[in-house]
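The following exercises are meant to be worked through with the sequence and the coordinates side by side. Each task is followed by a solution that goes step by step.

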Amino acid sequence: MSDSKKPASKVSIYPVTAAIWRNEGPKGAFYSATFERSYKKDGKYQSSDSFGGSDLLILAKVADMAHTEMEKLRANDKQAQ
């Protein structure tokens, strides 16, 4: 994830988070998502972009939530026009 810009939105079910990014293209704005898994190691929180078997159902649910959030953001963009 880029430190220079913030995500348009985030959705999460611990330990999986999706960051939703607004991008500009030749045809206008579009959205994409990145996913990460949080975990604690030596008392400090870390993150990873790899997922174990026990994370996959949560990842699927967070992906569904991210899709819904993107649809809301697209609708808001259309209303603002």
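**Exercise 1. Determine how far apart the mean positions of the positive and negative charges of the protein chain are.**

Solution. In this predicted model, the first step is to count the charges, and the protein chain carries 13 positive and 10 negative ones. The second step is to average the positions of each set, and the two means turn out to be 2 Å apart.

**Exercise 2. Describe the order of the secondary structure elements and the overall dimensions of the protein chain.**

Solution. Counting the elements gives one helix and four strands, and reading them along the sequence gives the pattern β-β-β-β-α. The C-alpha trace spans about 50 × 30 × 15 Å along its principal axes. Of the 81 residues, 25% are buried, while the exposed surface comes to about 5,900 Å², with carbon and sulfur atoms supplying 51% of that area. Among contacts with a separation of 6 or more, 38% join residues that are 24 or more positions apart.

**Exercise 3. Compare the span of helix 1 with the expected value, and identify which of its residues are buried and what covers them.**

Solution. Helix 1 has 25 residues, and from its first C-alpha to its last it reaches 36 Å, close to the 36 Å expected at 1.5 Å a residue. Its buried residues are Leu-59, Val-62, Ala-66, Glu-69, Met-70 and Leu-73. To interpret such a list, recall that an α-helix has 3.6 residues a turn, so residues three or four places apart point the same way. The cover over the buried residues of helix 1 includes strand 1, strand 2 and strand 3.

**Exercise 4. Examine the surroundings of Glu-69 and find its nearest side chain of opposite charge.**

Solution. Glu-69 belongs to helix 1, which runs over residues 56–80. Once neighbours within four places in sequence are set aside, its contacts are with Ser-9, Val-11 and Ile-20. The nearest side chain of opposite charge is that of Lys-72, at 4.4 Å; because a salt bridge requires the nitrogen and the carboxyl oxygen to be within 4 Å, the buried Glu-69 has none.

**Exercise 5. Locate the cis peptide bond and the non-glycine residue with a positive phi.**

Solution. The peptide bond from Tyr-14 to Pro-15 is cis, with omega near 15°, and Pro-15 sits in the loop between strand 1 (9–13) and strand 2 (16–25). Asp-42, although not a glycine, has a positive phi of about 55°. This residue lies in the loop between strand 3 (28–41) and strand 4 (44–48), and Asp-42 counts as exposed because its relative accessibility is 75%.

Methods:
Residues numbered from 1 in each chain as written. Predicted model: local features only at pLDDT ≥ 70, side-chain atom pairs only at ≥ 80, totals over all residues. Heavy atoms only, no water. Helix = DSSP H or I, 4+ residues; strand = E, 2+ residues; numbered from the N terminus. Buried < 20%, exposed > 50% of the residue type's maximum accessible area, 1.4 Å probe, protein only. Lys, Arg positive; Asp, Glu negative; His and termini not counted. Contact = heavy atoms within 4.5 Å. Areas by Shrake-Rupley, 256 points an atom, 1.4 Å probe, with all protein chains shown as cover. Charge placed at Lys NZ, Arg CZ, Asp CG, Glu CD. Expected span 1.5 Å × (residues − 1).
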